[in-house]
Amino acid sequence: MFAQGQLTRSPGVDPRSLTFAAIDLETTGLEPAEGARVCEIGIVRMRGDGVVLDEYSTLVNPQTRITNDEYHDITDVDVQLAPTFAQISGDVLAYLDGAIVVSHNLEYEEKFLDAEFGRLGIKPTGVPGLCTLITTRVQLDQYGYRLGSMVNLLTGEWSPASHSALGDARALAAVLAALIGESPQRLAWSGPAPTSLPQLPRGGPIAPRAAGLRKGSEGWLATLTARLPYMPQPPAPREDGLRDYRAMLGHALADGKVVGEEATQLATLAARAGLTQLTARRVHESFLAEARARAEADGTVTTTELRELRRAAKELASSHLISDLEEAAAADRARRNGPLKGWRLLAIDDSADTSDLMDFAVGHGATSAVNVTKTVNLVITHTTDDDPRIGKAQSMGIDVVSPGKAREILDGELAAASSGLFANAEGEVVAEQLTAEREAQKQAAGSDWHQYWRPRELTPAEYREQFIDRYDDWDERRIVVRVPASTAPTSKRGGCAVAAVMTATAAAGVVEVLRHVVG
């Protein structure tokens, strides 16, 4: 299927101008010739400069039992409602069309894609391909070239959803972007140009898996949404699955918060509904908008209702939908709990200056008095008329001042309140310096991997000697567990039979884990 090219230090095409399709498959076994099938696919379509153009991901019903779920956490239950490869083949070809297909062990993806398309009578050939496992081995002198290790080395981050097809495809895209954009020597594409692929009907159903859920700082639902594929033109969700998802969403938010088990259940239902990032956000926003409409139905949003809306908005990452309610409530709280809270002012006249001063004071938490009492802090007046309230205030030791003088007093109070007991301008400068140092350290860390850059890239002969010839005698089909004749059990009480079974089981596990350890 693939005509492999390479990223090389020799002259070639600038890869930043090309389109790539980073692909990862999760499968039911290692060998399609022995019946293993694809059970999940993830594709990130991107430019060589790192800009992501589109994503595609779905669980795939392999039409066979899944017996290796310990490696990818995909079970028979997960895929029972997922589309078959035949149903998504048109979409897969469209996402690979006109792009250089990238994988971290391209031969593995190739044999499964050949088998899956072959079942449909389709034989794509000459598709340009790039193997980042080979690329990193050729360019970097580093122990261990697993995808997770390469992501951490080149980006400083760990993949949050490893062993999920979309999570690994995104990790692969990050590795490719770093190699193209940050290598100490410019890499060029040497290989065939992107080509057109056969066209099949598109728009098949999808069942994207939101793997690697974490609560994080933004909540479970924000993580769930981020784990779904970014599709600018997503398919419409399935109505039955969407109904179940919304019902579960209401159940989860009934107590104002989403917990881990509820997030896992929502992820399962999101897959059954065929949600993507865009459609999930639309569902969450419409859910909150409907709740707001119910709260406003009687013309008043109570404090309790606003509290519930606020909690739901935070969980749904949709706070912008109630921002006006929040602002009104915040303004009311600020007015009632402002820095002039506890101050009572009595205005004697109704001049414009006095009115403006009173508006300013009340807006910062002060209250307006009607009569002179011992709780009044200031009496505000422009006049010197014989208003009895002025004399009473003076006899009680309450200051009688003009609006201008009152503003000076209140401004001083506001300044004192804003500075607080521990305000320290020097401390702010120190904090800013530390932040700048951390940013500089983070940027410097981004180029740490340059120390593993080979003085020159490996030649094909050197690559073969280091990474192929030494493994030529490896053949998983020849793994045999032999029990020496002298220790072979002769009765049911013999312990060697148990040991042999355990050893054989471990050896079989080595075969399955090979892909995850080496590739």
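**Briefing: a helix pair and a parallel sheet**

The crossing of helices α8 and α10 is right-handed. These helices belong to a predicted model. The model also has an open sheet of four strands, paired in the parallel sense. Helix α14 lies across three strands, namely β9, β10 and β11.

**Helices α8 and α10**

- Two packed helices are described by the angle between their axes and the distance between the axes.
- Helix α8 covers residues 220-227 and helix α10 covers residues 260-273; they pack at an angle of about 30°, and their axes are 10 Å apart.
- Because angles under 35 degrees count as roughly parallel, α8 is roughly parallel to α10.
- On the α8 side, the contact is made by Trp220, Leu221 and Leu224.
- On the α10 side, Gly260, Ala263, Leu266, Ala267 and Ala270 meet those residues.
- Of the residues in this contact, seven are nonpolar, one is polar and none is charged.

**The four-stranded sheet**

- Strands of a sheet pair through backbone hydrogen bonds, either parallel or antiparallel.
- Here the strand order is β10-β9-β11-β12, and the pairing is parallel.
- The edges are held by β10 (367-368) and β12 (399-401), each with a single partner strand, so one side of each has no neighbour in the sheet.
- Two bridges join β9 (residues 344-347) to β10 in the parallel sense.
- Leucine 345 has serine 368, in β10, as its bridge partner.

**The helix across the sheet**

- Helix α14 spans residues 352-363 and runs at about 165° to β9.
- The strands that α14 lies across include β11, residues 378-380.

Note on methods. Residues are numbered from 1 along each chain as its sequence is written. This is a predicted model: local features need pLDDT of at least 70, side-chain atom pairs count only at pLDDT 80 or more; totals for chains, interfaces and linings use all residues. Side-chain values use heavy atoms; hydrogens and water are left out. Two strands pair if DSSP finds at least two bridges between them. Contact means heavy atoms within 4.5 Å. Axes are lines fitted to C-alpha atoms, for helices over the stretch in contact, and angles run from 0 to 180 degrees between N-to-C directions. Angles under 35 degrees count as roughly parallel, over 145 as roughly antiparallel, 65 to 115 as roughly perpendicular and the rest as oblique. A crossing is left-handed if the near helix is turned anticlockwise from the far one by less than a right angle, and right-handed if clockwise. Ala, Val, Leu, Ile, Met, Phe, Trp, Tyr, Cys and Pro count as nonpolar, Asp, Glu, Lys and Arg as charged, and the others, Gly among them, as polar.
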